[in-house]
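Please work through the following exercises on the packing of a protein chain. Each task is followed by a worked solution.

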Amino acid sequence: VRTLRKQQVTQSDEGHQEYYFGLLNEDEQRGYREILEGIRNFEEKFYLSLSGDDEIDRVYHAVLKDHPEVFWVHNREKVYKTTYTGRDYCQFSPGYTYTEDERQEISQAMENAYQEVLAQIPEGADDYTKVMTVYTYIIDNTDYVVSDDDQSIAGTFWKKQAVCAGYAGAVQYLLERLNVPCIYVEGDAANSDQGHAWNIVQCNGQYYYVDATWGDPIFLGEDNGYQIPNLIAYDYLCCSEKELEKTHMISTDYVYPSCQSENLNYYQLNGMYYDTYEPGMLREVIDRSIESQEAYTIFKMSDDAVYQEVVDEMHETLMEEGAEYLGELYGLWQVSYSYSEEASLNKFIIYWFYE
């Protein structure tokens, strides 16, 4: 322990932002490095130059939040340690979850995922393109399933099944390898006491929230014999605090970078965002969508009032008129469509079926 205390504490670890490390005091940062080194070396027990229960718990979970790649360590709420009366150090027992063969298999799955993402990113791509590529990749390749591996990136990359912790850790892992700063964030879903996890990214000089879990919606499956498309929800791709707080409760346990910018709102960037209610323009959007044989037409509104006006008009005339136009254009004697109203997000989606 005396030797540990004489060692210089490195202030950075190549390839990792280590946001939570920066929130710790000097003694805690020393313990952070001791824990990380012991885990990376797969040591069953090792000494820490810390002894307080709260500080060790805080430091241990700071390591886990900063380093999703150490998937083999237990992600338990409380740590296991042996303390000594009158001593300001302890013996720490991380606990590991996988065999060496499994660790190798999972590590290879992580590398394969990174290479697949890298192949989808054009040379010279900006941060937003990288974030969007990772966001869609995780959603397309992960099922939201509760399982033994769901709390880490092992579930996401190895089993292709995870819950929010696995999604958020996987986003962090891939973006850090792509040199995009990314923070693992914990909080709650609105109107729920169950914990939730997502990310903050630094993108083109601004901070934004990213929640790949909630970007992966579960639809009803089949409706009237047709498969409803599993549409990615881009509301949680590079969104602001104002947008996120509609559905999330941000933890006050830590001070996070402010996410106020709305410059990268997906729907604004792609012409699906409406500040005012204009019936004629909305009908034009529907017609263009049908002419292009798009599977769906999305309307994202700026506030509740505009959203309600659009919803009322959709039910009164717009969807029926769109369906009639679809039938006329493609010579269909019977037309089917479906729709979803997402009031919490001020979003309305129409699904078109062309057979």
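The exercises below concern a predicted model and treat one helix and the nonpolar cores.

**Exercise 1.** Determine how the span of helix H2 relates to the expected value, and describe what flanks the helix.

*Solution.* Step 1: H2 covers residues 26-40, which is 15 residues. Step 2: from its first C-alpha to its last, H2 reaches 21 Å, close to the 21 Å expected at 1.5 Å a residue. Step 3: at the N-terminal end, Asn25 acts as a cap, with a side-chain oxygen 3.1 Å from the backbone nitrogen of Asp27. Step 4: after H2 comes Phe42, which has a positive phi, near 60 degrees.

**Exercise 2.** Establish how many residues of H2 are buried and what covers them.

*Solution.* Step 1: a residue counts as buried under 20% relative accessible area. Step 2: eleven of the 15 residues of H2 are buried, so the helix is largely enclosed by the rest of the structure. Step 3: among the buried residues are Arg30, Arg33, Glu34, Ile35 and Leu36. Step 4: the cover over the buried residues includes helices H1 (2-6) and H3 (53-66), together with strands S1 (46-48) and S3 (90-93).

**Exercise 3.** Characterise the largest nonpolar core and identify a second one.

*Solution.* Step 1: the largest nonpolar core has 82 residues, and Ile138, Phe157 and Cys238 have the most contacts inside it. Step 2: helix H5 (residues 127-141) supplies the largest share of this core, seven residues. Step 3: leaving aside residues up to four places away in sequence, Phe157 touches Ala109, Met110, Ala113, Ile138, Ala170, Tyr173 and Leu174. Step 4: a second, separate core has 20 residues, including Ile286, Val306, Ala323 and Tyr325.

Terms used: Residues are numbered from 1 along each chain as its sequence is written. This is a predicted model: local features need pLDDT of at least 70, side-chain atom pairs count only at pLDDT 80 or more; totals for chains, interfaces and linings use all residues. Side-chain values use heavy atoms; hydrogens and water are left out. A nonpolar core is a set of buried Ala, Val, Leu, Ile, Met, Phe, Trp, Tyr and Cys residues joined through side-chain atoms within 4.5 Å. Buried means under 20% relative accessible area, exposed over 50%, partly exposed in between (1.4 Å probe, protein chains only). Helices (H or I, at least four residues) and strands (E, at least two) are DSSP runs, numbered from the N terminus. Contact means heavy atoms within 4.5 Å. The expected span of a helix is 1.5 Å times one less than its number of residues. A polar contact is a pair of N or O atoms within 3.5 Å; within protein, one must be able to donate a hydrogen and the other to accept it, and residues adjacent in sequence count only if both atoms are side-chain atoms.
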